[in-house]
Amino acid sequence: MEKILEAIQAGASGAELSSIPLPDSYRAAYVRREDMGMFEGVASADKDPRKSLHIGNVARPEIGPDEAVVAVMASSINFNTVWTSIFEPLPTFGFLDRLGKESELGRRHALDYHVVGSDASGVVLRVGSAVRNWKPGDRVTVHCNHVDDQDPSAHNDSMHASNQRIWGFETNFGGLADLTIVKANQLMPKPSHLTWEESAVNALCNSTSYRMLVGENGARMKQGDTVLIWGATGGIGGYATQYVLNGGGIPVGVVSSPEKAALLNELGVEAVIDRKAEGYKFWKDDVTQDEGEWRRFGKKIRSLAGDDPDIVFEHVGRQTMGASIFACRRGGTVVTCAATAGYMVEFDNRHFWMKLKRLIGSHFANYSEAWQANRLIDMGRIQPLLSAVYPLEQVGDASLKIHRNEHEGKIGILCLAPTEGLGIDNPEKRELIGEDKITIFRRHGG
Ligand code: NAP
């Protein structure tokens with residue numbers, strides 16, 4: 001890998017990179033099948049990713065005809081790596097075993113270790129015989145939608161494909177490693193003005209937020225819409241906030257500290273709710289919600305934005321869904337992609353049907369949506385949320401920080417990149433977009 005890194009840093013051509021032999025094994029972050037039961041009886045909040053995430057060498061698999069080998073310069077931690085590392089809601093080995101039964105190539109994935117990670121920036125080293133649009137030497141980012149295009153169900157919207165998977169979560173050979181194996185249709189051009197780590201943190205969260213808010217598959221946000229955003233400085237929330245501002249909407253951002261509120265103000269969000277300071281208790285106990293608290297929350301939104309939200313950007317789940325459905329305006333839309341705080345959600349159906357609201361389930365993004373979201377990053381219209389950077393060896397610490405909600409935006413991970421700040425191909429473009437704008441989360445993250 002050292003030779004490959006040296007060549008990348010020296011700006012080697014694709015032909016030169018192709019001539020360097022690939023190592024038989026590579027450094028990666030992985031969980032082990034034998035550890036699946038290690039947290040039995042431990043409360044979810046106390047499960048420690050540092051105990052289950054290992055760093056070590058794993059065997060490099062052969063690539064398939066429609067795949068590419070990418071040298072990973074940087075990656076990022078997503079919440080799915082937290083889920084994998086605490087084996088919740090299910091151990092991910094079941095996903096790998098199912099993929100293993102699908103085809104000869106699928107069999108490579110069903111191993112006793114799972115290399116995790118669903119984001120990457122890097123350089124293409126090899127492509128399979130069926131790859132047309134990419135070649136060794138291309139500088140890329142990777143989105144995580146892994147689809148089998150031989151399946152008819154994949155050809156309207158690939159997120160509807162019956163065997164759609166998230167790379168590095170439901171497949172093996174993920175991005176938290178020095179090498180990764182991906183489908184060629186996961187590749188996108190690396191934004192030329194960003195560093196490796198700034199380029200690596202966007203694809204998963206940025207594309208998810210794009211699909212949830214923009215375009216026909218999501219809430220179809222339009223100019224002037226008021227959008228309530230939970231976790232407005234978190235991974236998906238931080239991109240959602242920017243999409244609302246970018247698209248002429250009015251964001252109402254919910255956060256949990258004065259520091260996060262200040263970050264939202266700096267981004268240009270005027271309507272900010274500090275949920276901790278307000279002390280909302282939407283649940284009286286484990287089974288009873290408090291409509292009075294929903295009303296207090298709704299009033300607060302109205303006092304800040306002048307109206308009820310047209311759209312609610314949901315991902316918290318059980319803790320907030322009742323309040324989200326209640327607060328959403330008559331005829332408005334709640335769009336959800338997750339359930340960080342409980343997936344068995346409950347809401348008062350009367351507020352839902354009598355006021356003709358809509359609830360949309362959303363999941364990642366198809367290639368076209370991911371490409372559009374990447375293009376907006378490349379144009380400098382949407383900024384990376386990089387707030388902190390860790391080396392690959394400290395993937396467990398970085399995951400714990402996210403598990404404990406002690407971060408803002410996204411945590412980047414240096415894989416092959418030896419230091420921060422490398423990989424900028426177009427410094428003039430960076431200057432035009434503005435260092436201050438690009439690094440706003442990094443300055444806050446410290
Ligand atoms: P994140 O960076 O941890 O951000 C989540 C935010 O939610 C936190 O910053 C926190 O903000 C807020 N939050 C957490 N617990 C809360 C609670 N009990 N009540 C209100 N707010 C709460 O995570 P992320 O990357 O944005 O991901 C969020 C969720 O979406 C995760 O469950 C993840 O797995 C999921 N996700 C799904 C997809 C998909 O394709 N389906 C894609 C990306 C992410 P404050 O503390 O500041 O309020």
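**A walk through a two-domain model**

In this predicted model, six strands form an open sheet in the order S13-S12-S11-S14-S15-S16, and their pairing is parallel. At the edges of this sheet lie strand S13 (271-274) and strand S16 (358-361), each of which pairs on one side only. From one strand to the next, the twist averages 15°. For a student meeting sheets early on, it helps to recall that the strands of a sheet pair through backbone hydrogen bonds, either in the parallel or in the antiparallel way.

One pairing can be followed in detail at the S16 edge, where strand S15 (residues 333-336) and S16 run in the parallel sense and are joined over four bridges. Within this region, valine 335 stands opposite isoleucine 360 in S16. Turning to the strands S11 (226-229), S12 (250-255) and S13, one finds helix H11 (residues 291-305) lying across them, and this helix runs at about 150° to S13.

Another helix to look for is H8, which covers residues 235-246. How far apart should the ends of this helix be? At 1.5 Å a residue, its twelve residues should span 16 Å, and because the C-alpha atoms at its ends are 17 Å apart, the model agrees with that expectation. H8 is also mostly covered, since ten of its twelve residues are buried; among them are Gly235, Ile236, Tyr239 and Val244. After H8 comes glycine 248, whose phi is positive, near 80°.

Stepping back to the whole protein, the domain assignment gives domain 1 (2-205 + 365-445) and domain 2 (219-361). The centres of domain 1 and domain 2, taken over C-alpha atoms, are separated by 29 Å. Where the two meet, 23 residues of domain 1 are in contact with 20 residues of domain 2, and between them the domains bury about 1700 Å², of which 61% is on carbon and sulfur atoms. Of the area that domain 1 buries against domain 2, Cys205, Ile382 and His444 supply 28%, which is more than any other three residues do.

A last stop is tyrosine 113, found in strand S4 (residues 113-115). Which residues does tyrosine 113 touch, leaving aside those up to four places away in sequence? The list comprises Tyr30, Val31, Arg32, Val58, Ala59, Phe93, Leu96 and Asn172. Although tyrosine 113 and phenylalanine 173 are 60 residues apart in sequence, their C-alpha atoms are 9.7 Å apart in space.

Conventions. Residues are numbered from 1 along each chain as its sequence is written. This is a predicted model: local features need pLDDT of at least 70, side-chain atom pairs count only at pLDDT 80 or more; totals for chains, interfaces and linings use all residues. Side-chain values use heavy atoms; hydrogens and water are left out. Helices (H or I, at least four residues) and strands (E, at least two) are DSSP runs, numbered from the N terminus. The expected span of a helix is 1.5 Å times one less than its number of residues. Buried means under 20% relative accessible area, exposed over 50%, partly exposed in between (1.4 Å probe, protein chains only). Two strands pair if DSSP finds at least two bridges between them. Axes are lines fitted to C-alpha atoms, for helices over the stretch in contact, and angles run from 0 to 180 degrees between N-to-C directions. Contact means heavy atoms within 4.5 Å. Domain bounds come from an automatic or database domain assignment. Buried area is the accessible area (1.4 Å probe) that two parts lose on being put together, summed over both.
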